[in-house]
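Work through the exercises below with the model in view. Try each task before reading its solution.

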Amino acid sequence: QVQLVESGGGLVQPGGSLRLSCVASINIVDAYKMGWYRQAPGKQRELVATITSNGIINLVDSVKGRFTISRDNAKNTVYLQMNSLKPEDTAVYYCNARLTTAPGGYWGQGTQVTVSS
């Protein structure tokens, strides 16, 4: 059983910053890709950022220059550093881990990010 636990969400004003954390119950070096997705009210879940086991990063265009994904293999943790937050970033953010044995991936339960003045 793979568990992913997200934390770090909260209420922040526009222009502020948050850092989300995803702690995995597995060694994340065994995941070929870790990522963050988000789902805003009334919208479908979308990819935000991914990082592969060899460090290749992919970001959705809307967050480029503002968000950064990183991983700490020793802590089995993936981070999403979010700067210059905008109201449209408001969503539930989910951590995802993809393994060769689970192409569909494993999901955390999400952490709420609300950007509002």
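Three exercises on this predicted model follow.

**Exercise 1. Fold content**

Task: State how many helices and strands the protein chain has, and give the order of its elements.

Solution:
- Start with the count. The chain has zero helices and eleven strands.
- Then read from the N terminus. The order is β-β-β-β-β-β-β-β-β-β-β.

**Exercise 2. Overall dimensions and packing**

Task: Decide whether the radius of gyration of the protein chain agrees or disagrees with that of a compact globule.

Solution:
- Take the expected value. For 117 residues, a compact globule would have a radius of gyration near 13 Å.
- Compare. The protein chain has 13 Å, so the two agree.
- Add the box. Along the principal axes, the C-alpha atoms fill roughly 40 × 25 × 25 Å.
- Check burial. Of the 117 residues, 45% count as buried.
- Look at contacts. Among those between residues at least 6 apart in sequence, 54% join residues at least 24 apart.
- Turn to the surface. About 6,200 Å² is accessible, and 47% of this belongs to carbon and sulfur atoms.

**Exercise 3. Two positive phi values**

Task: Place Asn76 and Ser84, and classify each as buried, partly exposed or exposed.

Solution:
- Begin with the backbone. Phi of Asn76 is near 50 degrees, a positive value in a non-glycine residue. Phi of Ser84 is also near 50 degrees.
- Locate Asn76. This residue lies in the loop between strand 7 (67–72) and strand 8 (77–82).
- Locate Ser84. Its loop runs between strand 8 and strand 9 (91–99).
- Classify Asn76. Its relative accessible area is 15%. Buried means under 20%, so Asn76 is buried.
- Classify Ser84. At 40% relative accessible area, Ser84 is partly exposed.

Key
Residues numbered from 1 in each chain as written. Predicted model: local features only at pLDDT ≥ 70, side-chain atom pairs only at ≥ 80, totals over all residues. Heavy atoms only, no water. Helix = DSSP H or I, 4+ residues; strand = E, 2+ residues; numbered from the N terminus. Buried < 20%, exposed > 50% of the residue type's maximum accessible area, 1.4 Å probe, protein only. Rg over C-alpha atoms; globule rule 2.2 N^0.38 Å. Contact = heavy atoms within 4.5 Å. Areas by Shrake-Rupley, 256 points an atom, 1.4 Å probe, with all protein chains shown as cover.
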